[in-house]
Amino acid sequence: MGLLTILLIITTAWFIYNFIVAYHSKQANQEQLLRKIGYGKSMGLFALITGIFGQLNGFVAMFDAIEGLIASGGELKPYMVFGAIKVTMIVTMYGILIYLFSLMLWFVLSILIEKKLENQDSV
């Protein structure tokens, strides 16, 4: 979760920095500015993949715990498995939220930059 939070901060900072640079640029290449904003979307996708990888690591830990419980003669109850699955899904949901946030920022900032450049061209 800490890594995903760092990715969220980096992605947000990337969008803000490149939006400010693009918005205050006098001579701007629209394609280049939009491509840089698109890199933030790729960082959000990386956060999603990292969340899925975190869930897979959680499943491995869950299966190890189940194996240890059964090897020690303990009894496995269904609510234990369901609770563990619920916990492993938190990381994936966080990764999905970061990706959706990056898509939303990309969409809004791309529209704002395009409108600004259109207004700059018409003046």
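Is Phe 63 buried, partly exposed or exposed, judged by its relative accessibility? Phe 63 counts as partly exposed, because its relative accessibility is 49%, and the cut-off for exposed is over 50%. The structure is a predicted model, and this briefing goes through the pairing of its helices H1 and H2, its aromatic pairs, a charge that sits over a ring, and the surroundings of a few buried residues, including Ser 102.

**Helices H1 and H2**

- Helix H1, which covers residues 2-23, and helix H2, which covers residues 30-71, have axes that come within 9 Å and cross at roughly 175°.
- Angles over 145 degrees count as roughly antiparallel, and H1 and H2 are therefore described as roughly antiparallel to each other.
- On the H1 side, the residues that make the contact include Leu 3, Leu 4, Leu 7, Trp 14 and Phe 15, while on the H2 side they include Tyr 39, Gly 40, Lys 41, Gly 44 and Thr 50.
- When the residues of this contact between H1 and H2 are sorted by type, 14 are nonpolar, six are polar and two are charged.

**Aromatic pairs**

- The structure holds two aromatic pairs, and one of them is formed by Trp 14 and Tyr 39, whose ring centres are 6.3 Å apart and whose planes stand at 50°, so that this pair is tilted.
- The pair of Trp 14 and Tyr 39 links distant parts of the chain, since Trp 14 belongs to helix H1 and Tyr 39 to helix H2, with their positions 25 residues apart in the numbering.
- Trp 14 is partly exposed, with a relative accessible area of 29%, and Tyr 39 is also partly exposed, with a relative accessible area of 41%.
- The rings of Phe 59 and Phe 63 have centres 6.2 Å apart and planes at 15°, and because planes under 30 degrees apart count as stacked, this pair is stacked.
- Phe 59 and Phe 63 lie four residues apart in helix H2, which means that about one helical turn separates them.
- Phe 59 counts as partly exposed at 22% relative accessibility, because the cut-off for buried is under 20%.

**A charge over a ring**

- The charged end of Lys 41 sits over the ring of Trp 106, at 3.8 Å from the centre of that ring.
- Lys 41 is also among the H2 residues that make the contact with H1, and Lys 41 touches Ser 102 as well.

**Buried residues and what they touch**

- Ser 102 lies in helix H3, which covers residues 78-122, and Ser 102 is buried, with a relative accessible area of 0%.
- Not counting residues up to four places away in sequence, Ser 102 touches Thr 11, Phe 15, Gly 40, Lys 41 and Gly 44, and these five names also appear in the contact of H1 with H2.
- Thr 50 is found in helix H2 and counts as buried at 15% relative accessibility, and, leaving aside its neighbours within four places in sequence, Thr 50 is in contact with Leu 3, Leu 4 and Leu 7.
- Val 91 is found in helix H3 and is buried, with a relative accessible area of 17%.
- Not counting residues up to four places away in sequence, Val 91 touches Met 1, Leu 4, Gly 51 and Gly 54.
- Val 91 and Ser 72 are 19 residues apart in sequence, and their C-alpha atoms are 29 Å apart in space.

Definitions and conventions:
Residues are numbered from 1 along each chain as its sequence is written. This is a predicted model: local features need pLDDT of at least 70, side-chain atom pairs count only at pLDDT 80 or more; totals for chains, interfaces and linings use all residues. Side-chain values use heavy atoms; hydrogens and water are left out. Helices (H or I, at least four residues) and strands (E, at least two) are DSSP runs, numbered from the N terminus. Buried means under 20% relative accessible area, exposed over 50%, partly exposed in between (1.4 Å probe, protein chains only). Contact means heavy atoms within 4.5 Å. Axes are lines fitted to C-alpha atoms, for helices over the stretch in contact, and angles run from 0 to 180 degrees between N-to-C directions. Angles under 35 degrees count as roughly parallel, over 145 as roughly antiparallel, 65 to 115 as roughly perpendicular and the rest as oblique. Ala, Val, Leu, Ile, Met, Phe, Trp, Tyr, Cys and Pro count as nonpolar, Asp, Glu, Lys and Arg as charged, and the others, Gly among them, as polar. Rings of Phe, Tyr and Trp (its six-membered ring) pair if their centres lie within 6.5 Å; planes under 30 degrees apart count as stacked, over 60 as edge-to-face and the rest as tilted. A charge sits over a ring if NZ of Lys or CZ of Arg is within 6 Å of the ring centre and within 35 degrees of the ring normal.
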